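Subject: Structure for you to look at

Hello,

Here is the structure that I promised to hand over, and below it you will find what came out of going through the ligand and its surroundings. Please keep the sequence open beside the picture while you read.

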Amino acid sequence: MTQVDQDKWNKRYQQNSLEPRAARVLMDNLHLLPRQGSALDLACGLGGNALLLAERGLSVEAWDLSPVAIDKLTHQARDLPIQARTVDINVTSLPVNQFDVIVVSYFLERRLAPAIIDALRPNGLLFYQTFNQNQCGRGPTNPAWRLQDNELLRLFKPLSVRYYREEGMTGDAQAIRDEALLVAQKILSPG
Ligand SMILES: C[S@@+](CC[C@H](N)C(=O)[O-])C[C@H]1O[C@@H](n2cnc3c(N)ncnc32)[C@H](O)[C@@H]1O
């Protein structure tokens, strides 16, 4: 982390107009969630995913670089089972075999993929959604911070795919042109 990154995100989250919003990959697949267990909203921002997971009965950790976002989430969480922490994921290791659910939305740090897989418990679910290379006026302009075609499938190849959506420029304007959405599960092979 550089101080510059933290300052940038703090400034963004100081705007009162921003509201926590859960990612579509989670909202469209709520039926896949376990009824209880532990979850991580990684790079949670204002914690839209964390709030939804906690409302659904999961015990949630929410990690983000921005203390401003974490303070706002802590305030909004009230009595919900959410532990929100200021964490720089570049210097803090993910715990192994810890979470039944991990959600990552609009954050891409490719080298973390093996650690995210290790952090899932057996049968644990990963919900991932972020921008791909089709720039439609949203998200980072640096192409390195956007997924290549089908890249989530490659990054999380050891997991079993439960849901995948990436429509690119195919079809009409209803398509999700600039994002990829993945739900994948950690199935341990017998023996
Ligand atoms: C585009 S926002 C997405 C926030 C949230 N997941 C959402 O969907 O609204 C990216 C988030 O990543 C966080 N972030 C960036 N670098 C980070 C790091 N090294 N460790 C933890 N969080 C980081 C930022 O503070 C920011 O909240």
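A backbone N or O atom of Ala43 lies 2.7 Å from a nitrogen atom of the ligand, which counts as a polar contact (a pair of N or O atoms within 3.5 Å). Ile89 also offers a backbone N or O atom, 2.9 Å from a ligand nitrogen, while Asn90 places a polar side-chain atom 3.4 Å from a nitrogen of the ligand. On its own the ligand has 590 Å² of accessible area (Shrake-Rupley method, 1.4 Å probe), and the protein covers 84% of that area.

Please bear in mind that this is a predicted model, in which local features need pLDDT of at least 70 and side-chain atom pairs pLDDT 80 or more, whereas totals for chains, interfaces and linings use all residues. Residues are numbered from 1 along each chain as its sequence is written, and side-chain values use heavy atoms, without hydrogens and water.

Around the ligand there are 14 residues (each with a heavy atom within 4 Å), of which Tyr13, Ala43, Asp64, Asp88 and Ser105 come nearest. By class, this shell has nine nonpolar, three polar and two charged residues, where Ala, Val, Leu, Ile, Met, Phe, Trp, Tyr, Cys and Pro count as nonpolar, Asp, Glu, Lys and Arg as charged, and the others as polar.

Where does the ligand sit? It sits in the largest pocket, a pocket being an open set of points on a 1 Å grid where a 1.4 Å probe fits, with protein on both sides within 12 Å along at least five of seven lines; to sit there, more than half of a molecule's atoms must lie within 2 Å of the grid points.

Best wishes

How values were computed: A polar contact is a pair of N or O atoms within 3.5 Å; within protein, one must be able to donate a hydrogen and the other to accept it, and residues adjacent in sequence count only if both atoms are side-chain atoms. On a 1 Å grid over the protein atoms alone, a cavity is a set of points where a 1.4 Å probe fits but cannot get out, and a pocket is an open set with protein on both sides within 12 Å along at least five of seven lines; lining residues have an atom within 4 Å of a point.
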